[in-house]
Amino acid sequence: MTTTPVPAAVERAALFALLGDPLRLRIVELLAEEELCTCHLIAETGAKQTTISHHLRILRQAGAVTSHEEGRFTWYRLSAEMLGGMSGQLASLARTAALARRDRLPCT
């Protein structure tokens with residue numbers, strides 16, 4: 001068994017860490033329902049503008065959220081493809097766990 005994470009595992013862990021913050025998870029939940037601008041996210045979460053902007057930047061950099069400008073407003077949309085990929089990874093783990101060995105290896 002290896003103790004050093006392989007690069008793919010580090011990348012997957014970073015994606016799942018995106019949803020580890022309660023406010024970021026709430027932003028993702030809100031954007032799953034509709035496209036919103038920062039002012040809507042502030043109103044829905046009660047968080048400060050700088051905090052919302054910080055979390056949106058993290059989500060954009062990870063590819064979880066896309067944005068486009070209309071006039072003086074920036075609108076944000078959730079990337080369904082990225083979440084679908086995360087969902088697929090979890091489903092794969094669940095299938096693997098269902099088929100996992102039931103006999104135990106000896107302890108050393």
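These legends accompany close-up views of a predicted model.

**View A. A salt bridge within helix 2 joins Glu29 and Arg26.** Let's start with a pair inside a single helix. The side chains of Arg26 and Glu29 form a salt bridge, with an N to O distance of 3.6 Å. Helix 2 spans residues 22–33, and because Glu29 and Arg26 sit 3 residues apart in it, about one helical turn separates them. Glu29 is partly exposed, at 38% relative accessibility. Arg26 is partly exposed as well, at 32%. This is one of the 2 salt bridges in the structure.

**View B. A salt bridge between Glu35 and Arg77 links distant parts of the chain.** Here the N to O distance between the two side chains is 3.0 Å. The partners are 42 residues apart: Glu35 belongs to the loop between helix 2 and strand 1 (36–37), while Arg77 belongs to strand 3 (residues 73–78). Glu35, with a relative accessibility of 23%, is partly exposed. Arg77 also counts as partly exposed, at 47%.

**View C. Arg24 of helix 2 is buried and has no salt bridge.** What is the nearest side chain of opposite charge to Arg24, and how far away is it? That side chain belongs to Asp21, 4.8 Å away. The salt-bridge cut-off is 4 Å between a side-chain nitrogen of Lys or Arg and a carboxyl oxygen of Asp or Glu, so a separation of 4.8 Å does not qualify. Arg24 does have a polar neighbour, though: a polar atom of its side chain lies 2.9 Å from the backbone oxygen of Leu18. Leaving aside residues up to four places away in sequence, Arg24 touches Ala17, Leu18, His55, Ile58 and Leu59.

**View D. Strand 3 pairs with strand 1 and with strand 2.** Both pairings are antiparallel. Strand 1 meets strand 3 over 2 bridges, whereas strand 2 (residues 65–70) meets strand 3 over 6 bridges. Trp75 is a handy residue to follow in this view. Within strand 3, Trp75 is the bridge partner of Cys37, and Trp75 also stands opposite His68.

**View E. Strand 2 and strand 3 form a hairpin.** How many residues lie between the two strands? There are 2 residues between them. If you are checking backbone torsions, look at Gly71 in the turn, where phi is positive, at about 65°. Beyond the turn, strand 3 also carries Arg77, the salt-bridge partner of Glu35 shown in View B.

Note on methods
Residues are numbered from 1 along each chain as its sequence is written. This is a predicted model: local features need pLDDT of at least 70, side-chain atom pairs count only at pLDDT 80 or more; totals for chains, interfaces and linings use all residues. Side-chain values use heavy atoms; hydrogens and water are left out. Helices (H or I, at least four residues) and strands (E, at least two) are DSSP runs, numbered from the N terminus. Buried means under 20% relative accessible area, exposed over 50%, partly exposed in between (1.4 Å probe, protein chains only). Lys and Arg count as positive and Asp and Glu as negative; His and the chain ends are not counted. A polar contact is a pair of N or O atoms within 3.5 Å; within protein, one must be able to donate a hydrogen and the other to accept it, and residues adjacent in sequence count only if both atoms are side-chain atoms. Contact means heavy atoms within 4.5 Å. Two strands pair if DSSP finds at least two bridges between them.
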